Amino acid sequence: MRGTVTYRGTPNIALIKYWGKRDDKLILPCNSSISLTLKGETTAVKGVPFNLYTKTSVLFSDKLAEDAFYINGKKQDLNDKDVAERFYVINQLRERAGNKSHVLVVSENSFPTASGLASSASGIATLIYAVSRALGLNISEKELSMIARQGSGSSCRSVMGGIVKWEKGTAPDGSDSFAHQLYPASYWPDLKDIIVIVSSAKKKVSSRAGMAQTVKTSPLYESRQKVLDKHIASVGAALRDKDLSKLAETVMKESNNMHATMLDTTPPIMYMDDNSKAIVYAIEDLNKNEGRAVAGYTFDAGANAHIITIEGNKDKVINQLKGIEGIESIVVAGIGNGPELLGEDESLIDSQRLAPK
Ligand code: 2P0
């Protein structure tokens, strides 16, 4: 067992969305999904700048009186849902290592949490690396993704960098539902995600509760399953050919289709707000004026937009968004390499005091 271990990871943005489970306990999705693991360091364009890192330090020690978890300087209630997801992962690994010590986890996000920016994805993916290393475990990426999946589904895609696919699998025990890299970050370096923040507020309906309600009540959800095969094939071909127009067109359709099933849920779920809609119209207008899709919007379980484009179209997109008053900030992210180990000097834990620094 080692001392303090610190990792830094990042969120991912889904091009093909995960919204619905075939098994709630094992977290097995109804469909496969594809995402970009984002680069932590962003270029600020407007408003308050932010990067996309989750930095997490972990220490297992017999001298700790209890398990403790701090996020952004605040001690967490271990019964809180987000913290419980993280402890699921910790407990799986602790058991596997046969370790009975308590753990201290100190984590910091450099971006607004719970605003559709997948803080749980980067949180769990980063944690799983730090914990397994601190416990001296040597586990493959594939297996790490399967443990992460059981903490929170989308986090399994942040376990690796580049362009990642989470296979839905068909086995009832989840043994074939894991994430794997389709392409490394270097494959399409010009590909960008322009993140447009219109709200940093915590979402009203959690993804977990929302997607369960959609599966249960939305008549449209069944037809989504048929559309998904086409979208997955189209995104796959667009990535293979580096065909931005095809990629942009498909991610817009895919996002709209998922949000349509949310609206079709009883009671309806609406994550997109008037600013989100203004962004949709602005990008549709841009593509119309250009005579082809030069950028594609996609929205997760939040009002903030992710606009997928390439470096050469960045200024056009940003210019197009200028008139939208509700935009708080804009940053441009590239594709990243996934979680990375940091040195002792980067630790968030004071190992003498067994407390956050
Ligand atoms: C995604 N989202 O593919 C989709 C798009 C939100 C919309 O994955 O219940 O927090 O913990 O497995 O992973 C959000 O769902 O849900 C999500 P759980 P999770 O990124």
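In the predicted model, six strands are arranged as an open sheet of 6 strands in the order 9-8-10-7-1-17, and the pairing within this sheet is mixed. Strand 9 (74–75) and strand 17 (340–342) lie at the edges, where each has a single partner strand, so that one side of each is left without a neighbour in the sheet. Helix 2 (residues 119–134) packs on this sheet and touches strand 1 (5–9), strand 7 (54–61), strand 8, strand 10 and strand 17, while the direction of helix 2 makes about 35 degrees with that of strand 7. Strands of a sheet pair through backbone hydrogen bonds, and they may do so in either the parallel or the antiparallel sense. The parallel sense is found between strand 8 (residues 68–71) and strand 10 (residues 102–109), which pair over 4 bridges, and in this pairing Ala68 stands opposite Leu104 of strand 10.

The antiparallel sense is found on strand 7. Strand 1 and strand 7 run antiparallel and are joined by 5 bridges, with Val58 in strand 7 serving as the bridge partner of Val5. Strand 7 also runs antiparallel to strand 10, to which 8 bridges join it, and here the bridge partner of Lys55 is Glu108 in strand 10. With regard to accessibility, 8 of the 8 residues of strand 7 are buried, so this strand is largely enclosed by the rest of the structure. In a regular strand the side chains alternate between the two faces of the sheet. Both faces of strand 7 are covered, since Thr54, Thr56, Val58 and Phe60 on one side are buried, as are Lys55, Ser57, Leu59 and Ser61 on the other.

Helix 2 also packs against helix 3, at an angle of about 125 degrees and with the two axes 10 Å apart. This angle makes helix 2 oblique to helix 3, and the crossing of helix 2 and helix 3 is right-handed. At the place where the two helices meet, Ile124, Ile128, Tyr129 and Ser132 are the residues from helix 2, whereas Glu141, Leu144, Ile147, Ala148 and Gly151 are those from helix 3. Helix 3 (residues 141–151) is itself mostly covered, with 8 of its 11 residues buried. The buried residues of helix 3 are Leu144, Ser145, Met146, Ile147, Ala148, Arg149, Gln150 and Gly151. These buried residues pack against elements of both kinds, namely the helices helix 1 (81–97), helix 2 and helix 4 (207–217), and the strands strand 4 (28–29), strand 11 (163–166) and strand 12 (179–183).

A second open sheet is formed by 5 strands in the order 6-16-13-15-14, and the pairing in this sheet is antiparallel. Its edge strands are strand 6 (43–46) and strand 14 (296–299), each of which pairs on one side only. From one strand to the next, the twist of this sheet averages 25 degrees. Within the sheet, strand 13 (residues 191–197) and strand 15 pair in the antiparallel sense over 6 bridges, and the bridge partner of Lys192 is Thr309 in strand 15. Helix 6 (residues 244–263) packs on this sheet, touching strand 13, strand 14 and strand 15, and the direction of helix 6 makes about 30 degrees with that of strand 14. Helix 7 (residues 274–290) likewise packs on the sheet and touches strand 13, strand 14 and strand 15, but the direction of helix 7 makes about 160 degrees with that of strand 14.

The loop between strand 15 (305–310) and helix 8 (314–320) contains Asn313. Asn313 has a relative accessible area of 6% and therefore counts as buried, the cut-off being under 20%. Apart from neighbours within four places in sequence, Asn313 is in contact with Leu244 and Val294.

Finally, the cysteines were examined, and a search of the whole structure finds 0 disulfides. For Cys30, the closest cysteine sulfur is that of Cys156, and the distance of 14 Å is too far for a bond, because a disulfide requires the two sulfur atoms to be within 2.5 Å. Cys156 is accordingly in no disulfide, with the sulfur of Cys30 as its nearest cysteine sulfur at 14 Å. Cys156 has a relative accessibility of 0% and so counts as buried.

How values were computed
Residues numbered from 1 in each chain as written. Predicted model: local features only at pLDDT ≥ 70, side-chain atom pairs only at ≥ 80, totals over all residues. Heavy atoms only, no water. Pairing = 2+ DSSP bridges. Contact = heavy atoms within 4.5 Å. Axes fitted to C-alpha atoms, helices over the stretch in contact; angles between N-to-C directions. Buried < 20%, exposed > 50% of the residue type's maximum accessible area, 1.4 Å probe, protein only. Parallel < 35°, antiparallel > 145°, perpendicular 65-115°, else oblique. Left-handed = near helix turned anticlockwise from the far one by under 90°.
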